[in-house]
Amino acid sequence: MSKNIIEARSLVKYFGSQAVINGVHLEIPEGESFVVLGSKGAGKTTLLGLLANFITPSAGDLFIQGQNTKVVGEAVRKKLGYIMDKDLFDQQLNVEENLWIYARYMGLSSSEARKRIVECMRFFEIADYQESSIESLNTFEKRCLRACRAILHKPKLIIVDELLSGLGLLEQNFLTDRLLDLKKQGLSIIFSTDSMMEADRLADRVGILSAGKLLLEGSPSKIIENEIGFEVVEFDCREDEVEYLVSKISSSYEYRNRGTKIYVYIRSGQDSRNVLDMISGEEMSLRRARLSDVVTKLELSH
Amino acid sequence: MSLQAVKPIFRLSAFSTKAFTSLEKNFHIFLQRWFLNSFEIVVQPILYFVAFGFGLQKWIGSIDGQDYPSYVLTGILMATSMSTSIYESAQGVYQRYFTGDLYLLLKTCPVRFEHMLFGEFLWSIFRATLAFSMLLIIGSSLDLIAVTDFLPLIAICIWLSIFFSSLGLLLSSLVRSYSQVYQYLPLIVIPQFLFCGVFFPIERLPETLARFVAVLPVSIAVDWARKASFMDESVLSFSYVFLYLLLSFFMFNFASKRIGETLNKKSEVMK
């Protein structure tokens, strides 16, 4: 049986009287990549902050490689690399100096730090920017630098918060490839993203967070199969038609609607043609079910 | 009695070798523009020295058997130690930790804010000692200070910097904005600069004021620096040194805890 790199037991985080994270249980085996999905405000960043030992939980326990973070304290952060959703670079220092100082904070010796900086910068293909100032880097280069910084100390686990948001497709692919390379090297990855495509590529398992609760957890294909089925018919109708169409569809199919937009979920064994017949004349699309449908469905269920 | 049971104010939680990384970082940034930075920390004391030391020498001549430039230089040395350390710790710490969100990065590392603040504390002592040493060299080249006095003078400078660095940290832990740092610092620095024997003997002040001023750290440091040997010092004078060291310890501990807690809270809200 593989050991868990991280184990969260009933994690709770209150901000004021509001529970932003509400009783999350999570076990992630070593070498696994786990993607946290959820709509905006679901608590993804807070959950990742808790798992990174960045935020102190209001209740519950967190174990990293079997060590209770309450007992080990900040020393446990040496085992993980946390890529926050902020750049956090010192503008007074150039690229290499920023990395060097961080490596020193992480407890690396000066010579070890220099060696790792070269290795990691090459890995993220930013070696040419060693002497560059931070302000001369573009958004993508800064993201590479964030990722580079997080692996300097050879962590066992990296926690990645929204690294890809706002990047172009090629740039997203590049960073996802690098993360997959790190995974091949044995690193565990916890990742939060809005990009379902990248989530699909990266995830061994996904967890879907809603209102601070981890509602679903499992492999992407299993979750899609269980929650959605095989296909999704998505269409827009007139406002006066919604009630009529919903009553027709709901007898045989599961559906959700957001105003006049209706999503019909086709399970395997069901025939999508029947739905298409019911809504003939409407503008619609029929497609394979995907992770984003699960998130949308959960969002519309609450 | 376990460490947990000891009252927090007596805990030495901030004293860690991890603090040296902050020191290293600040030193690295200082070295990037070493000439400009060195110039910055000594130019003001040099201006005071030239203006008062040489400017007033003709009218004053000497005080207590010391030529006025030499008399003023020892005072300015101590005043520099005070102002450099308190400005660096109060203003530097506030700027580095409370403005912007760079402090968040530290929370991803196996360090505590208290460790880093100890590093900042050491850095402000180091910076003050550096400024002090440069002035010593200038003083020595003008034949105003004997090289043999360097070590005891540096020891006094370090003692004074320890106190004012702690006071600076305390100030940055209590103020609510960066502008408040600037409002309060002159209130601490200027009176000591003017009345603690830097430019004229304390005895010239009204008696009540002189008695109060005599026990302030800058007065003690200036008084010590002007004497040929520590052997002449009274037990009372030594006890003030220990008293101020003890006070520094409490101020530092209180400030580092308070700043640490504030930053921890702030970093969680940031999420």
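**Exercise 1. The open sheet**

How many bridges join strand β4 (residues 59–64) of chain A to β5(A), and do the two strands run parallel or antiparallel? Place the pair within its sheet, bearing in mind that the model is predicted.

*Solution.* Begin with the pair itself: two bridges join β4(A) to β5(A), and the two strands run antiparallel. Next, locate the register of the pairing, in which A:Ile64 stands opposite A:Gln67 in β5(A). Then widen the view to the sheet, which is open, has four strands in the order β2-β1-β4-β5 (chain A) and shows antiparallel pairing. Finally, consider the edges: β2 (18–29) and β5 (67–68) of chain A each have a single partner strand, so one side of each is left without a neighbour in the sheet.

**Exercise 2. Strand β3 and its partners**

Determine which strands are joined to β3(A) by bridges, in which direction they run, and whether the faces of β3(A) are covered.

*Solution.* Take strand β8 (residues 188–192) of chain A to begin with: four bridges join β3(A) to β8(A), and the two run parallel. Within this pairing, A:Ser33 has A:Ile189 as its bridge partner, while A:Phe34 stands opposite A:Ile190. Turn then to β9(A), which is likewise joined to β3(A) by four bridges and runs parallel to it; here the bridge partner of A:Val36 is A:Gly207.

For the question of burial, recall that in a regular strand the side chains alternate between the two faces of the sheet. In strand β3 (residues 33–37) of chain A, one face carries A:Ser33, A:Val35 and A:Leu37 and the other carries A:Phe34 and A:Val36, and all of these residues are buried. The strand is accordingly described as mostly covered, with five of its five residues buried.

**Exercise 3. From β7 to β8**

Follow chain A from β7(A) to β8(A), and state the handedness of the unit that they make with α6(A).

*Solution.* Establish the pairing before the connection: five bridges join strand β7 (residues 157–161) of chain A to β8(A), and the strands run parallel. One position in this pairing is A:Ile158, which stands opposite A:Ile189 in β8(A); A:Ile189 is also the bridge partner of A:Ser33. Add helix α6 (residues 169–184) of chain A, and the unit β7(A), α6(A) and β8(A) is a right-handed β-α-β unit. As for the surroundings of β8(A), A:Ser188, A:Ile190 and A:Ser192 on one side and A:Ile189 and A:Phe191 on the other are all buried, so that both faces are covered.

**Exercise 4. Two contacts of chain A**

Describe the contact between the two domains of chain A, and then the contact of chain A with chain B.

*Solution.* The domain assignment gives domain 1 (4–218) and domain 2 (225–301) of chain A, and their C-alpha centres lie 36 Å apart. Their contact takes 11 residues from domain 1 of chain A and eight residues from domain 2 of chain A. On the domain 1 side, the elements that give two or more residues are α7 (196–202), β9 (205–210) and β10 (213–218) of chain A, and the residues of this side divide into seven nonpolar, three polar and one charged.

Between the chains, 22 residues of chain A are in contact with 18 residues of chain B. On the side of chain A, α1 (44–51) and α3 (95–105) each supply at least two residues, and the largest share, four residues, comes from α3(A). This side of chain A divides into 10 nonpolar, five polar and seven charged residues.

Key: Residues numbered from 1 in each chain as written. Chains lettered and ligands numbered in written order. Predicted model: local features only at pLDDT ≥ 70, side-chain atom pairs only at ≥ 80, totals over all residues. Domains from an automatic or database assignment. Contact = placed C-beta atoms within 7 Å. Nonpolar A, V, L, I, M, F, W, Y, C, P; charged D, E, K, R; others polar. Buried ≥ 20, exposed ≤ 12 C-beta atoms within 10 Å, placed from the backbone. Pairing = 2+ DSSP bridges. Right-handed = clockwise from strand over helix to strand, strands pointing away.
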